[in-house]
Amino acid sequence: MALTGLGIFKLTPKKNCKDCGFPTCLAFSMKVASGAVEISKCPHMSKESIEKLAEATAPLMKTITVGKGDTEYKLGGETVLFRHEKTLVNRNRFAVLLSENMEDSEIDTKIQHMKDVKYVRIGEEMKTEFVALRYVSNKDKYLALINRVKSSGLKVAYILVCEDAAVMKEALPIVKDENPLAYGANKDNFKDMVELVKQDNIPLGVKADNLEELYTLVEGIQKLGYKNLVLDPGSKSIKETFENTVQIRRINLQGQDRTFGYPSILFLNELAKGDKFQEVTLSTLFTMKYGSILVLSDMDYCRALPLYGIRQNIFTDPQKPMRVEVGVYGLNNADDNSPVMCTVDFALTYFIVSGEVERSKMPVWMVIPDAGGYSVLTSWAAGKFTGSVIADMVKNSGIEQKTKNRTLIIPGKVAVLKGELEENLPDWNIVVGTTEAMYIPKLLKEMAVK
Ligand code: SF4
């Protein structure tokens, strides 16, 4: 630091250390303490100190990666119990269970359902991310099932559900390159299981009869030097599974105990006992608290629509509004005679407005400009939803080629923009719409009659 003539301390630029990238050891240490930088970046630390400090400054909950390439998913890594405290980080993922004792036709149907469910909602691709392959008793049929799924063209990450280490030894090489989750380490087989997964650092699923046993088992596995784990809180009853799942997360994050600092896998197909609606109900519960992989008996649109919807709501940053993509959307088979309606890109507003347009059954083109992801009045007040923004969108979006109709309906709450729009879009008839979305069908029907 240097004293300026004004008596104000002024920071003189200092060269950053070429090893750690910080100007001083203190600045480096502060970043390490906040978890933003790894202690190993300083080459002058002894190995023992790095080990001690890395453990002390590691995140409370590990982030475990399962799958590879397009089907790679991060699980865990959470820092808070509740979304409103900060944000939740890694969304839960859905898996469908297949086993070698199922009929061929049942397996084919479930694979087809997994392929069918695929859609994009507010920029997020919704699909089944995992297939869980359970070994029951016939090794040859089990290995054949893994190969069959692998060659089916299904784009999913794998979970091998098998507590027989000898069978796992033969099954694992088939999908080893896909970085599967090898599920089934228990108190009797965990040493063999760790031996199987250690070399390739494949994530290992751990199960026990109760919470105490699970804790002891995780400690035992960690003593073997293995910490790439996913925990099964059990699936004996709904009550016990819920209690255990919440307890694990609380012990980890509130109790600051890293022994339970891992993501979870829950077999909801077992808890629901074949009741599809129970499965959906349980999935919503464990999406909120705190399942990382939820295993279901099937994934069809009936399950997918509510489950992916709630997941998207829970696992988005409450500070960042969800936005729909800027563009032109045709509703109710809009054609070259349909009027144009404009609203903001705030997802909630868009879905309320488009829902009412769909309810009216009147064909309409929706034009959505970049309004910063805010609601109508907020974006207008922030200067992001102005006459010139809407006019530019109309001129540049290609809507003038899609329809001959030159009626542009704007939200009633920004009626004040009418004059500016009439100046910017002289060929268009600017109609001030309703102040509430629920009156949109009435407005559209009245306009069609005129
Ligand atoms: Fe950075 Fe370590 Fe050098 Fe300090 S001793 S400046 S922390 S590399």
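Me: Two rings of Phe, Tyr or Trp count as a pair if their centres lie within 6.5 Å. With that in hand, how many aromatic pairs does the structure hold?

Reply: There are 11 aromatic pairs in the structure. Keep in mind that this is a predicted model.

Me: What makes tyrosine 183 and phenylalanine 267 an aromatic pair, and why is the pair called edge-to-face?

Reply: Check the two numbers one by one. The ring centres of tyrosine 183 and phenylalanine 267 are 5.0 Å apart, and the limit is 6.5 Å, so they pair. Their planes make an angle of 65°; over 60 degrees counts as edge-to-face, so that is the label this pair gets.

Me: Why does that pair tie together parts that are apart in sequence?

Reply: Look at where the two rings sit. Tyrosine 183 belongs to strand 10 (residues 181–185), while phenylalanine 267 belongs to strand 13 (residues 265–267), so the pair links parts that are 84 residues apart in sequence.

Me: Tyrosine 183 and phenylalanine 267: buried or exposed?

Reply: Buried means under 20% relative accessible area. Tyrosine 183 has 3%, so it counts as buried. Phenylalanine 267 has 2%, so it counts as buried too. The ring of phenylalanine 267 also has the charged end of arginine 134 over it, 5.4 Å from the ring centre.

Me: What makes arginine 121 a charge that sits over a ring, and which ring is it?

Reply: The ring belongs to phenylalanine 351, and the charged end of arginine 121 is 5.0 Å from its centre. The distance limit is 6 Å, with a second test on the angle to the ring normal. Arginine 121 is listed as sitting over that ring.

Me: Which residues do ring pairs link into a cluster?

Reply: That cluster is made of Phe94, Tyr119, Tyr301 and Tyr308.

Me: Lysine has a charged side chain, so to speak of lysine 110: why is it called buried?

Reply: Go by the number. Lysine 110 has a relative accessible area of 9%, which is under the 20% cut-off, so it is buried. Its place is in helix 3 (residues 104–116). Beyond residues up to four places away in sequence, lysine 110 touches Val96, Leu97, Leu98, Met102, Ser297 and Asp298.

Me: What about leucine 145: why does it count as buried, and what does it touch?

Reply: Its relative accessibility is 3%, so leucine 145 counts as buried. You'll find leucine 145 in helix 4 (residues 139–150). With residues up to four places away left out, leucine 145 touches Leu98, Ser99, Glu100, Ile107 and Leu133. As for leucine 98, its C-alpha atom is 8.5 Å from that of leucine 145, and the two are 47 residues apart along the chain.

Me: Which label fits lysine 273, buried or exposed?

Reply: Exposed means over 50%. Lysine 273 comes in at 67%, so it counts as exposed. It lies in the loop between helix 9 (268–272) and helix 10 (276–288). Its phi is near 50°, a positive value in a residue other than glycine.

Me: And why is asparagine 332 called partly exposed?

Reply: Its relative accessible area is 24%, between the 20% and 50% cut-offs, so asparagine 332 gets the in-between label. Asparagine 332 is in the loop between strand 15 and strand 16, and its phi is positive as well, about 55°, although it is not a glycine.

Me: Why is glycine 291 called buried, and where is it found?

Reply: At 5% relative accessible area, glycine 291 is under 20%, so it is buried. It is found in the loop between helix 10 and strand 14 (293–296). Among its contacts, leaving aside neighbours within four places in sequence, are Asn92, Thr245 and Phe286.

Me: How do you know what span helix 12 should have, and what do its end C-alpha atoms say?

Reply: Helix 12 (residues 347–360) has 14 residues, and at 1.5 Å a residue it should span 20 Å; its end C-alpha atoms are 20 Å apart, so the two agree. The buried residues of helix 12 include Ala347, Tyr350 and Val357. Among the elements that cover them are strand 17 (364–368) and helix 17 (440–449). After helix 12 comes lysine 361, with a positive phi near 65°.

Definitions and conventions: Residues numbered from 1 in each chain as written. Predicted model: local features only at pLDDT ≥ 70, side-chain atom pairs only at ≥ 80, totals over all residues. Heavy atoms only, no water. Helix = DSSP H or I, 4+ residues; strand = E, 2+ residues; numbered from the N terminus. Expected span 1.5 Å × (residues − 1). Buried < 20%, exposed > 50% of the residue type's maximum accessible area, 1.4 Å probe, protein only. Contact = heavy atoms within 4.5 Å. Phe/Tyr/Trp six-rings, centres within 6.5 Å; stacked < 30°, edge-to-face > 60°. Lys NZ or Arg CZ within 6 Å of the ring centre and 35° of its normal.
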